[in-house]
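Biologist: I'd love a close look at one part of this protein, with enough of the surroundings to place it. Could you take me through it?

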Amino acid sequence: MSIGANLSENMLLYLKQHRVPDVFESLVTALAVYQPADVEGFMIAKMFELKEDPTKFEQLSWDSFIETKKIPLYGAFCTDFFWSLNYNFFQTDFLLTAKAWTFYNQTLMRKCYRSLYLYWKSAVHNKYVLKQELEEAHNYYISKTKRKHLCCWQSWINYKKKKLIEFDQLVKKCFDKALQRCVFNAWFKHSIEMKLKREFFERKILESNEEILKDPVSVLPEKISVNIFSFVTLRDLLNCAMVCQKWKEVTQSKVLWSRIDLANSEKDSISNTAMMNLIQKYHSILCQLNLRDCQSLSSDVMHSILNDDVLKEISYGCISLLYLNASHTKITDLSLRHIARYCTSIRYLDISHCKNITDKGLFYLANGKYTQKLVHLNMSGCVQLTSDGFHCLADGCTALNTIILNEFPRLTDECLEALVIKCRDLRFMSVLDSPLLTDASISLLVTAEKLAVLKLEGNNFVTDVSVNAVCINSELRHLYFVGVERITDASMKSLLRCKNLSVLNFADCSQISDFGVQFLVYGGLGSNLHEINLSNCVRITDLSLLKISLRCSSLTYANFSYCQNITDAGIEVLSAIQTLVSLDITACRITDVGAASLANNPNFKDIFLSECHSITDVGIEKLLPSERNLEIFDLSHLNTIFNSYLLEAWYLQQKRLLVFFFIFYYSVHSQQGCKQPLLSWKLLGKKIEL
């Protein structure tokens, strides 16, 4: 029992008002901390401190008599010892106890009666629910029994109807067979009669004329005839099969039908049924199938021939198919699934500009049973592909050696890195019009040790770092960096490590100058170069052409169009290369002297002098007599040539056919202010106005 249990209310109020328990607590705590020898004197001294300083009494706490350094961490000692006073000022009496007992008994009784009532109510409800469930079960049993009898009756009725239908079909089949037998017998008798008549007339013809006229193709050996028919179109080949029996045998040769090209001509229209019959007939020998745009199909089947179902039939039947071109079509991921599943020999696949192809299609292609041997893949213009699809493709098709990703504006470094790292046999890579690529992905091509051709166009993020990394590969033969404006002369110096480089195209790289060309030709690559394209490299001058003429002894193709610093002096030294057969100097500062110097090389086949406004009739007159092998001669946009008879006379003296002849120019009459054509002459017996 607590100390305050025997105190009255007035006593407890007195102790609380004068803070006697607080004074006691602070004194006892101080005694426990300091442990003085004179306990009474210590307590009297502390009490005098409280009496002298009233504010200290008001702020009294359990640690008021203790220094700050000696205050215990565990608090006061005698809180429970003294100040456990009971502030319940009124003691419990007997009346309150009796009242509480009565309330408890009433509450308990009320709960018992409530529970009994709820139990009774639940029992009555369960009995009612059970009665309803029994009634529903009885009704369900009756309905189920009726339904069972009804189903048995219906099945019996259906069985009777089926038997009647089968009997009716059997009677009809017997009637059809009897009718067909009669028709066939009549046709057979008629065919026998016609055969006898044909044989009779053939004997009469042989007897009257032993030398029967035959067409020149029929008398040729079969190998030569097949070679002749290989040059005709698909529509013409089908027509040739209806000429005679000999031509039909030749046109059905397996060599002619191992390759079907439906993108040849817009005029050769064939029906959907004929096309599918051809594919099904020669599916076992078909090796190459070109469905690009399906321009050779008629307009009524343009939309029905190229769908997933038709491509499924093609892939399922053509087990020998090696090359499939389905570019510019509307095929979806389902078609790639069929190709990966059924084309057992597929090696070359072109799905460029198929905008319905997504990452799911590449997943099917990578996990296919037979596409793991795929070596050539063209996905140009498939804009829905992301990096996830490229990762799947790289994991499944590791044998790829040719990858074409042109016109791919969303192609990023992550996509290209996935292919380069996994495809170790890469030999050909083309990423034209991919502006988001940087040096990070192009530099990884150094891991492709067999890379021979690299094409990159239209990129402003690729620098000399990429060229330096790629040129470590000694197998590189063709390099195309077109429109990469950040390429400088340092890249030309890096090319010296590519000892086998034969084709170089740095068109529209405006920062390349004569110093870069000097590094290239004097570093040992000049003798290997066969083609060079430096068009629109405005810093190239005659000095570069002089160095090329001295070192590039095997050069066959050169393009310096729109290099406005090139003059007659450079063209004169460049024409000394006798191996050069094609030269493009469009929009250069060339005069009649430069045009006449081209006559030093009689081996030219292609000459482009377009937009060289300083060239006149004098230069052309000196050039034409020595060019006997010329096939393409471009003088477009020249308004300084007036002697059309000179060109006509030169053309008539040539022994070989001029394949292309571009002359499109007009003279401006100052008085009339209009444009009129100047040249009109005969070409192959037809009058052509140019």
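Which residues does phenylalanine 506 touch, leaving aside those up to four places away in sequence?

Modeller: Happy to, and please keep in mind that this is a predicted model. Phenylalanine 506 touches Leu479, Phe481, Ile487, Met492, Leu495, Ile512, Asn533, Leu534 and Cys537, once residues up to four places away in sequence are set aside. Two names from that neighbourhood come back when we step outwards: Phe506 and Leu495 are, together with Phe560, the residues with the most contacts inside the largest nonpolar core, which has 127 residues. The element that gives the most to this core is helix α16, spanning residues 413–422, with 5 residues. Where does the core sit with respect to the domains? It lies between domain 3 (219–254) and domain 4 (258–294 + 305–436), because both of them give residues to it. Another core lies apart from this one; it has 9 residues, including Val23, Leu27, Leu60 and Phe65.

Now for some helix packing. Helix α20 (residues 514–525) and helix α21 (residues 542–551) have axes that come within 9 Å and cross at roughly 5 degrees. Angles under 35 degrees count as roughly parallel, so α20 is roughly parallel to α21. On the α20 side the meeting residues are Asp514, Val517, Gln518, Val521 and Tyr522, and on the α21 side they are Leu543, Ser544, Lys547, Ile548, Leu550 and Arg551. Sorted by class, this contact has 6 nonpolar, 2 polar and 3 charged residues.

A second pair is worth setting beside it. The axes of helix α13 (residues 333–342) and helix α14 (residues 359–366) come within 8 Å, again with a crossing of roughly 5 degrees, which means that α13 is roughly parallel to α14. Here Asp333, Leu336, Arg337 and Ala340 of α13 make the contact with Lys360, Gly361, Leu362, Tyr364 and Leu365 of α14. The classes in this contact are 5 nonpolar, 1 polar and 3 charged residues.

Finally, the wider setting. The protein contains 25 helices and 20 strands, and 39% of its 690 residues count as buried. Among contacts with a separation of 6 or more, 73% are between residues 24 or more positions apart.

Methods: Residues are numbered from 1 along each chain as its sequence is written. This is a predicted model: local features need pLDDT of at least 70, side-chain atom pairs count only at pLDDT 80 or more; totals for chains, interfaces and linings use all residues. Side-chain values use heavy atoms; hydrogens and water are left out. A nonpolar core is a set of buried Ala, Val, Leu, Ile, Met, Phe, Trp, Tyr and Cys residues joined through side-chain atoms within 4.5 Å. Buried means under 20% relative accessible area, exposed over 50%, partly exposed in between (1.4 Å probe, protein chains only). Helices (H or I, at least four residues) and strands (E, at least two) are DSSP runs, numbered from the N terminus. Domain bounds come from an automatic or database domain assignment. Contact means heavy atoms within 4.5 Å. Axes are lines fitted to C-alpha atoms, for helices over the stretch in contact, and angles run from 0 to 180 degrees between N-to-C directions. Angles under 35 degrees count as roughly parallel, over 145 as roughly antiparallel, 65 to 115 as roughly perpendicular and the rest as oblique. Ala, Val, Leu, Ile, Met, Phe, Trp, Tyr, Cys and Pro count as nonpolar, Asp, Glu, Lys and Arg as charged, and the others, Gly among them, as polar.
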